[in-house]
Amino acid sequence: MGMTDVLIVGAGPTGLVLACDLARRGAAVRVVDRSPAPPRTSRAKGPNPRSLEILDDLGVAEEVLAAGSDPLPMLKYRDRRPVAEADPWADSAPSPDARYGRGWLIAQWRLEGILRDRLAGYGVHVEPGHEVVGLAQGRDGGDGGHVDVTYADGPAGRARYVVGCDGAHSSVRKLLGITFEGTTAEDQVMVCGDVDLADGALDRTRWHQWFDEDGAVMLCPIPGTRTGWWFQAGPERDGRGRPLAPTADGFRRLLAHHTALPGRALTRAELLSTYRVNVRMADRFRAGRVLLAGDAAHVHAIAGGLGMNTGIQDAFNLGWKLGLVLAGHADAELVDTYEEERLPVAARTLDLTSERLRATLEAIRRPGGGLDAAITPDTTGLGVGYRWSSLAAGGPAPGAEQPGPRAGDRAPDAPCADAATGERTRLHRVFAGPRTTVLGFGPGSAAVLRETADAYGGDVGVRVCRVYAAHEDRAGAEPGAVVDDAGHAAAAYGTGASGDTGAGTVVVVRPDHHVGVLAPADDARSVREYLRRLHGTGRSAERSPGMVDAVR
């Protein structure tokens, strides 16, 4: 049987982002999904600002923006009358260090279609109708290990790694026997579906929310459709107060009861589902060569819209690590840092979303309260970092406050100009693509950049970029250098006017846009050791692929 590098189980946003990231690194990837056809689901309402940065890196942000819309203001009703309007995104705007000031509204099935098309561009196609029923980990003489995969029907497969991106009811997690600790709130129930409303029934520039003492209905227009809406509501209940399963007629009764629209205004209802508040987390995200990501690893309250986003961000953390290990540059232990970094983030997300849900349930008891209570700066994803990680090298002493990011933080974006052509670009464009970037600020950084280029030049996945201050002489600038003409990069990285003194700063940025090292330019050793950990010893590693230097 042929060996795949990575078998991804589950073709939702998490699995597709991971597959795109690995495929562009040249890894042999298979994506299987138990559904016979791509599911049309509307669960997630779209990517947050951090996920948009990831989609931008993967080259699909423009398409995502074109297929969706800005998040909409919320119009809130009580007893069928509008009582308040709120636009929780009114004050969010792009800033020099973050290009996306707000999330984006797009149907999940549409986002998945865009990612599937991108994946197909690498020659990888989702294989539907494949249900995984067995996983057995084995060791080979040569390559160290593999996983044998059994399907409900069809031939078995073999992969170096398997990643379960197969949702809250993950078969992969169950086959590993990993516990999914947490709670299900049986009384916190919502019925959901995609519906069509009669043309002109409601203003499509608003997300309409009716909150009454005996229930609620929420209708948000689905971008890219003329009459499609997302329907969410408190369920109908039977005589004993138990929630009833969603039906089209039930949706019509809820609509007529809470809103001023007649039930017949709802002309179609599909993709009906019941959502219960589940707050659960796997106690580990890895068992040998099998890993969990997205809802397979953690599920939480819907408030703040962080479910799909946390999964996309899991995938982007894992992809480059698997890629460097599979390419023979990094030790297999690099994959351990996935759980080390993402499990605490998942735990914090569970707390954050539960708190936002509590705040929202509290808010909607009062006329004018609504889902805007769930939106806080925490829900952008831009503040998530990994300062505790073993991949966050060094850094200032605790309590030493200096401007700019610390090791482990998201690397800020900044507008700048290409030093050779003068064309506008941004640091996140410099970072884009599956490589580690070494930024050099100030003339003193030239030596370490040169040493790095000599060791890792060519195609080992490391690039160097000198960031020139506006007043610096750029004669002889290397290709790829940029000019920080408005000073935004220096401000974002806290390097100040170091260019004046001839000193400087070097910043190693991981492929997932997080800072690995931030050091004075004369500290070449920190840079060297960090790159060796991720990329081996550079040119010498190419000559002897089996000899990856394991500096710890």
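This is the transcript of a short group-meeting presentation on one predicted protein model.

Good morning. I shall begin with the protein as a whole and then turn to individual residues. Please bear in mind throughout that the model is predicted.

The protein contains 13 helices and 22 strands. Its radius of gyration is 25 Å, and a compact globule of 552 residues would have one near 24 Å, so the two agree. Measured out along the principal axes, the C-alpha trace covers about 75 × 55 × 40 Å. Of the 552 residues, 54% count as buried. The accessible surface is about 22,600 Å², and carbon and sulfur atoms account for 51% of that area.

Two further global figures deserve mention. If we take contacts between residues at least 6 apart in sequence, 70% of them join residues at least 24 apart. As for charge, the protein has 63 positive and 71 negative charges, and their mean positions lie 3 Å apart.

I now come to the loop between strand 21, residues 505-509, and strand 22, residues 515-520, where Arg-510 is found. Is Arg-510 buried or exposed? Arg-510 counts as buried, because its relative accessibility is 1% and the cut-off for burial is under 20%. Leaving aside neighbours within four places in sequence, Arg-510 is in contact with Asn-317, Trp-320, Lys-321, Glu-341, Tyr-386, Leu-391, Arg-435, Gly-516 and Tyr-530. For Trp-320, 190 residues away along the chain, the C-alpha separation from Arg-510 is 8.8 Å.

His-513 belongs to the loop between strand 21 and strand 22 as well. This residue is buried, with a relative accessible area of 1%. Its phi is positive, at about 65 degrees, although His-513 is not a glycine.

One of the contacts of Arg-510 is Tyr-530, and that residue takes us to helix 12, residues 524-535. Helix 12 has twelve residues and reaches 16 Å from its first C-alpha to its last, close to the 16 Å expected at 1.5 Å a residue. Which residues of helix 12 are buried? They are Ala-524, Val-527, Tyr-530, Leu-531, Arg-533, Leu-534 and His-535. Gly-536 follows the helix, and its phi is positive, near 70 degrees.

Next is helix 7, residues 307-326, in which Asp-314 is found. Asp-314 has a relative accessible area of 0% and is therefore buried. Residues up to four places away in sequence are not counted in what follows: Asp-314 touches Ala-293, Gly-294, His-298, Tyr-338 and Arg-342.

His-298, a contact of Asp-314, lies within the range of strand 15, residues 298-299, where Val-299 is also found. Val-299 counts as buried, at 8% relative accessibility. Beyond its neighbours within four places in sequence, Val-299 is in contact with Ala-168, Phe-180, Asn-278, Val-279, Arg-280 and Leu-350. Gly-157, by comparison, is 142 residues from Val-299 in sequence and 29 Å from it in space, C-alpha to C-alpha.

Val-279, one of the contacts of Val-299, leads to Arg-264. How far apart in space are Arg-264 and Val-279? Their C-alpha atoms are 36 Å apart, with their positions 15 residues apart in sequence. Arg-264 is found in the loop between helix 6, residues 248-258, and strand 12, residues 266-282. With a relative accessible area of 69%, Arg-264 is exposed, because the threshold is over 50%.

Two partly exposed residues complete the survey. The first topic is Leu-65, found in helix 3, residues 61-67. Leu-65 has a relative accessible area of 22%, and is therefore partly exposed, since burial requires a value under 20%. It touches Leu-52, Tyr-100 and Trp-104, not counting residues up to four places away in sequence. Leu-65 and Gly-381 are 316 residues apart in sequence, while their C-alpha atoms are 18 Å apart in space.

Arg-80 is found in the loop between strand 3, residues 74-78, and strand 4, residues 81-86. At 42% relative accessibility, Arg-80 counts as partly exposed. Its phi is positive, at about 75 degrees, although Arg-80 is not a glycine.

To close, I return to the loop between strand 21 and strand 22: Arg-510 counts as buried, and His-513 is buried too. Thank you for your attention.

Key:
Residues are numbered from 1 along each chain as its sequence is written. This is a predicted model: local features need pLDDT of at least 70, side-chain atom pairs count only at pLDDT 80 or more; totals for chains, interfaces and linings use all residues. Side-chain values use heavy atoms; hydrogens and water are left out. Helices (H or I, at least four residues) and strands (E, at least two) are DSSP runs, numbered from the N terminus. The radius of gyration is taken over C-alpha atoms; the globule rule is 2.2 Å times the number of residues to the power 0.38. Buried means under 20% relative accessible area, exposed over 50%, partly exposed in between (1.4 Å probe, protein chains only). Contact means heavy atoms within 4.5 Å. Accessible areas come from the Shrake-Rupley method with a 1.4 Å probe; for residues, only the protein chains shown count as cover. Lys and Arg count as positive and Asp and Glu as negative; His and the chain ends are not counted. The place of a charge is taken as NZ of Lys, CZ of Arg, CG of Asp or CD of Glu. The expected span of a helix is 1.5 Å times one less than its number of residues.
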